[in-house]
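Q: I'm new to this structure and would like a close look at one part of it. Could you take me through the small sheet with the hairpin, and then its surroundings?

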Amino acid sequence: MDRLRLATVWLGGCSGCHMSFLDLDEWLLELAARVELVYSPIVDHKVYPDNVDLCLIEGAVANHDNLELVHRIRERTRVLVSFGDCAVSGNVTAMRNPLRKTEPVLKRAYLELADVSPRIPAEPGIVPTLLDRVAAVHEIVPVEYYLPGCPPPAERIRTLLSQLVEGREPRLNGGLIKPG
Amino acid sequence: MAAKTLTIDGQMVGAAEDQTILEAARDAGIHIPTLCHLEGVQDVGACRLCLVEVTGINKLLPACVTKVTEGWEVRTSSERLQRYRRMVLELLFAERNHVCAVCVANGHCELQNLAVSLGMDHVRFDYQHPRLDVDLSHRLFGMDHNRCVLCTRCVRTCWYIEGAGTLNVAGRGEKSKIITDLNAPWGDSTTCTSCGKCVMACPTGALFYRGVTVAEMERDRGHLEYIVTAREKKQWIV
Ligand code: SF4
Ligand code: SF4
Ligand code: SF4
Ligand code: FES
């Protein structure tokens with residue numbers, strides 16, 4: 001059997017979901033035997049490849065880079081999973097949405113709270129610009145499965161991944177879909 | 001008092017004529033999801049999570065405010081009802097700003113529990129992200145409108161259990177909000193007795209004790225039932 005081509009990506013999130021993924025400890029070795037990790041913040045691939053079977057998306061769509069990447073991921077991937085509350089609902093990343101604009105957030109973070117050399121970062125082509133409205137992943141592209149939690153506990157990730165790797169229709173119920 | 005006989009999910013149930021479908025179902029051990037219902041204060045049918053089907057009646061009926069009727073065949077968990085309940089829940093989540101990860105009620109919230117029990121793993125409606133305030137003017141309590149589902153449990157508790165009449169609902173539609181007195185800061189209220197019963201009644205993280213932080217807001221609703229039972233039945237049961 002061909003190994004499943006797995007990707008994980010990190011959009012507008014705190015990396016906590018990936019930390020929780022690493023919390024799978026020795027089960028990661030079992031997983032490694034069943035999948036080929038083709039793209040991830042924890043491996044060194046620069047470009048999101050073609051023909052990906054499964055992608056876990058951490059984080060909300062918060063800037064123009066995220067937006068472009070999430071479309072590319074959808075084109076090149078069979079099954080998408082919204083991985084963690086920021087991907088599922090926007091969560092903490094979307095807490096700026098009631099302000100409707102990015103300016104007050106940037107001013108607060110980079111001018112009012114700056115200790116030294118206050119300056120709003122503006123480096124076209126290097127620092128991606130923020131979207132006015134942070135979106136959950138499924139508000140931008142269709143998503144197959146949802147893995148809530150902030151972060152989703154390792155056990156929950158394992159339940160979903162083992163179902164997917166074995167080619168079963170994933171079922172998460174009971175406490176396994178609790179947000180927060 | 002006359003008894004009524006009806007079936008709920010195929011089960012024969014006997015109920016007193018002044019009982020609601022919700023009460024009859026609970027006595028028979030059948031669970032119907034609720035949110036605005038609170039033991040001890042009268043029901044208003046605000047949330048629509050308890051909707052049930054009755055054979056021969058076209059519209060869905062809220063179980064908490066519908067009295068039992070002789071011969072009715074009630075269904076509480078058809079595929080259609082589950083679909084509608086999930087939709088109601090998703091609309092509640094989309095309407096205001098729910099960020100469980102940083103909420104005082106995380107892990108102790110009736111809205112969050114409903115999301116789990118009704119299988120809501122994501123929200124299909126556009127999040128509205130309204131800009132709302134948090135009132136921290138009261139010495140003991142806080143009110144976070146971001147988390148309020150407008151169930152009015154706090155309002156009914158303040159009026160009918162405490163008898164203070166401090167809390168009210170102002171505005172219409174998406175502009176509705178819970179106010180204290182005539183929309184003055186809670187801390188300036190001349191009617192609030194600071195009894196804290198509204199905080200005990202709130203199902204979400206909207207009302208909380210000052211000083212609690214993420215996931216710390218637990219409440220003992222037993223206190224409210226205790227007071228109501230003592231008053232109405234003259235029984236002091238802890
Ligand atoms: S009130 Fe409940 S559902 Fe809303 S953010 Fe808080 S814990 Fe989550
Ligand atoms: S503390 Fe008591 S009196 Fe004050 S608003 Fe709440 S229920 Fe009403
Ligand atoms: S403050 Fe709490 S009890 Fe009052 S209406 Fe809002 S959610 Fe319901
Ligand atoms: S519990 Fe019946 S409408 Fe809310």
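A: Strands β6(B) and β7(B), the latter covering residues 141-144, run antiparallel to each other and are held as a pair by two bridges. This is a predicted model, by the way, and chain B has an average pLDDT of 95, with 100% of its residues scoring at least 70. For the complex, the predictor reports an ipTM of 0.94 and a pTM of 0.95.

Back to the pair. β6(B) and β7(B) make a hairpin, with five residues between them. If you want a spot to look at, take B:D135: its bridge partner in β7(B) is B:M143. On top of that, β7(B) pairs with β10(B), again in the antiparallel sense, this time over three bridges. Here B:F141 is a good place to look, as its bridge partner in β10(B) is B:Y209.

Put those pairings together and you get an open sheet of three strands, ordered β6-β7-β10 in chain B, with antiparallel pairing. Its edge strands are β6 (134-135) and β10 (207-209) of chain B, each of which pairs on one side only. What holds such strands together in general? Strands of a sheet pair through backbone hydrogen bonds, in either a parallel or an antiparallel way.

Now for the side chains of β7(B). In a regular strand, side chains alternate between the two faces of the sheet. In this strand, B:F141 and B:M143 point one way, while B:G142 and B:D144 point the other way. Whichever way they point, all of these residues are buried.

Next, walk back from β6(B) into the loop that joins α3 (110-117) to β6 in chain B, where you'll find B:R131. Is B:R131 buried or exposed? B:R131 counts as exposed because its relative accessibility is 63%, and the cut-off for that label is over 50%. Leaving out residues up to four places away in sequence, B:R131 touches A:P98 and A:L99. The C-alpha atoms of B:R131 and B:R96 are 8.6 Å apart, though 35 residues separate the two along the chain.

B:H129 is in the loop between α3 and β6 of chain B too. B:H129 is buried, because its relative accessible area is just 9%, where the label needs a value under 20%. Its backbone is worth a glance: phi of B:H129 is near 45 degrees, a positive value in a residue that isn't glycine. Most residues other than glycine have a negative phi.

On the other side of β7(B), in the loop leading to α4 (153-162) of chain B, sits B:T152. Phi of B:T152 is also positive, near 65 degrees, and this residue isn't glycine either. B:T152 is buried, with a relative accessible area of 16%.

For another backbone detail, hop over to chain A. A cis peptide bond joins A:C150 and A:P151, with omega at about -10 degrees. You'll find A:P151 in the loop between β7 (145-147) and α6 (154-165) of chain A.

Then there are the two ligands. Around ligand 1 there are 13 residues, and those that come nearest are B:H98, B:C100, B:C103, B:C109 and B:G205. Sorted by class, that shell has seven nonpolar residues, five polar ones and one charged one. Ligand 2 has 13 residues around it as well, with B:C158, B:C192, B:C195, B:G196 and B:C198 coming nearest. Its shell divides into eight nonpolar residues, four polar and one charged.

Finally, chain B has another open sheet you can set beside the three-stranded one. This one has five strands in the order β2-β1-β5-β3-β4, and its pairing is mixed. The edges are β2 (11-16) and β4 (61-62) of chain B, and each of them pairs on one side only. Strand β3 of chain B, residues 51-54, runs antiparallel to β4(B), with two bridges joining them. One residue to pick out there is B:L51, whose bridge partner in β4(B) is B:P62. Helix α2 of chain B, residues 79-95, lies across β3 and β5 (73-75) of that chain, running at about 155 degrees to β3(B).

Definitions and conventions
Residues numbered from 1 in each chain as written. Chains lettered and ligands numbered in written order. Predicted model: local features only at pLDDT ≥ 70, side-chain atom pairs only at ≥ 80, totals over all residues. Heavy atoms only, no water. Near = heavy atom within 4 Å. Nonpolar A, V, L, I, M, F, W, Y, C, P; charged D, E, K, R; others polar. Pairing = 2+ DSSP bridges. Helix = DSSP H or I, 4+ residues; strand = E, 2+ residues; numbered from the N terminus. Contact = heavy atoms within 4.5 Å. Axes fitted to C-alpha atoms, helices over the stretch in contact; angles between N-to-C directions. pLDDT = per-residue confidence, 0-100. Buried < 20%, exposed > 50% of the residue type's maximum accessible area, 1.4 Å probe, protein only.
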